[in-house]
Structures are given as structure tokens and as C-alpha cells.
Amino acid sequence: MILTLLITILALAGSPEWETVTESEKAEVLSKAAQAGARDVSADFVMERHSPLIDQVMTTSGHMSLKGRKVLEWTAGDRKDVIAMRNIDLSDTNAVKTTVEKDGDRYLITVFPVRKTLKNAFSKVVIEATADLVPESVKIETASGDWTLLIFKNVRYA
């Protein structure tokens with residue numbers, strides 16, 4: 001518990017100073033994100049699962065690849081999953097509300113569900129990305145208070 005508190009304090013002390021971008025820059029960022037998302041991508045990852053019901057963080061590492069924005073292959077240890085993906089257009093205001101913030105050459109994209117079916121899946125998704133919109137981390141929060149943090153390394157686009 002104390003370690004978690006210390007990590008939180010240190011993270012806040014050194015956290016970036018995110019500034020909201022203009023509507024035109026937001027549209028440009030979301031357009032670039034859509035173009036990047038249309039390409040096949042693979043990456044190594046570390047996944048942390050957090051729950052208010054459990055003090056211990058569950059950590060897994062592995063490799064993922066997203067092909068044709070339709071199929072996600074996920075390998076962690078001996079386990080391999082293949083998941084059919086549904087694409088969400090981040091600029092579709094009927095499905096999600098999206099905010100874009102910038103700190104220097106990095107972006108913070110936050111996605112809130114609008115559709116009821118999406119609200120059942122997540123309450124918020126926070127994506128940290130480079131200027132080229134290469135994702136560095138994705139935090140997925142649920143209404144129950146659980147959250148999953150994915151940290152990506154060796155991101156490669158086909």
C-alpha cells in the first residue's frame with residue numbers, strides 16, 4: 001500500500017503538462033490515428049491488471065499483432081488468443097467522446113463511450129502516443145473500478 005502511494009506521488013510530481021489541442025489539431029490527430037490504425041501493427045507488451053478488490057497487481061508480458069484492424073493475436077507465455085476486433089472510429093461522436101491533449105511532441109488521447117454497448121465494455125480509454133501516433137501505453141478503465149495498463153515496446157507497422 002505504501003509503495004503504491006509512493007509510486008503515485010512520484011508519478012504526479014513528474015507527470016507531463018498536458019494541454020488541450022485546438023479542434024483543427026484534434027481532427028488532424030484523429031485522422032492520423034485512423035490512418036495508423038489501418039495498418040498492420042505488432043508490439044511487445046507488459047500488461048498490468050489492477051482491481052480495487054485485490055491489492056496485488058497482476059502482470060503479464062507478451063507479444064501482440066493486429067492484422068487488418070480485424071484480428072488481434074495475443075501471446076503471453078504459453079497462452080495464445082485470437083480475438084475478432086470491432087473498429088471504433090475515434091471521431092464518431094455517436095459512439096465515443098474523444099479528447100486530445102499534447103505535451104511537446106507527445107499526445108494523450110482519451111476516449112469515453114457514448115453508446116450503451118461500449119459503456120458495458122469500458123468507462124474510459126487513455127492512450128499515450130508519440131508525435132507519429134505510435135502508442136506507448138493504453139489504460140482501459142471499467143465502471144467497476146478495475147483498470148488495465150498496457151505498455152508497448154518495439155512497436156512495428158507493416
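**Briefing: sheet, core and salt bridges**

Strand β8 pairs with strand β9 (residues 135-141) in the antiparallel sense, over six bridges. The model in which this pairing appears is predicted. Both strands belong to an open sheet of ten strands with antiparallel pairing. The structure also holds a nonpolar core, the largest of which has 28 residues, and ten salt bridges.

**The sheet and its helix**

- The strand order in the sheet is β1-β6-β7-β8-β9-β10-β2-β3-β4-β5.
- At the edges stand β1 (19-20) and β5 (79-84), each of which pairs on one side only.
- Helix α2 packs on the sheet, where it touches β6, β7 and β10. The direction of α2 makes about 105° with that of β6.
- Within the pairing of β8 and β9, V126 stands opposite K139 in β9.

**The largest nonpolar core**

- Among the 28 residues of the largest nonpolar core, those that touch the most other members are F45, M64, W74, V100, I109, L133 and F152.
- Two or more residues of this core come from each of α2 (23-37), β2 (41-51), β3 (54-67), β4 (71-76), β6 (96-103), β7 (106-113), β8 (124-130) and β10 (147-157).
- Strand β2 supplies the largest share of the core, namely four residues.
- Apart from its neighbours within four places in sequence, L133 is in contact with V29, K32, A33, Y107, I109 and Y157.

**Salt bridges between helix and strand, and between strands**

- K102 and E25 form a salt bridge in which the closest N and O atoms are 3.3 Å apart. Because K102 lies in strand β6 and E25 in helix α2, the pair ties together parts that are 77 residues apart in sequence.
- Both partners are partly exposed: K102 has 28% relative accessibility, and E25 has a relative accessible area of 21%.
- R106 forms a salt bridge with E128, with 2.7 Å between the closest N and O atoms. This pair links distant parts of the chain, since R106 is in strand β7 and E128 in strand β8, 22 residues apart.
- R106 counts as partly exposed at 21% relative accessibility, as does E128 at 24%.

**Further salt bridges**

- The side chains of E141 and K139 meet in a salt bridge, at 3.6 Å from N to O. K139 is partly exposed, with 25% relative accessibility.
- K67, E73 and K80 are joined into one network by salt bridges that share partners.

Key: Residues numbered from 1 in each chain as written. Predicted model: local features only at pLDDT ≥ 70, side-chain atom pairs only at ≥ 80, totals over all residues. Heavy atoms only, no water. Core = buried A, V, L, I, M, F, W, Y, C linked by side-chain atoms within 4.5 Å. Buried < 20%, exposed > 50% of the residue type's maximum accessible area, 1.4 Å probe, protein only. Contact = heavy atoms within 4.5 Å. Pairing = 2+ DSSP bridges. Axes fitted to C-alpha atoms, helices over the stretch in contact; angles between N-to-C directions. Salt bridge = Lys/Arg side-chain N within 4 Å of Asp/Glu carboxyl O.
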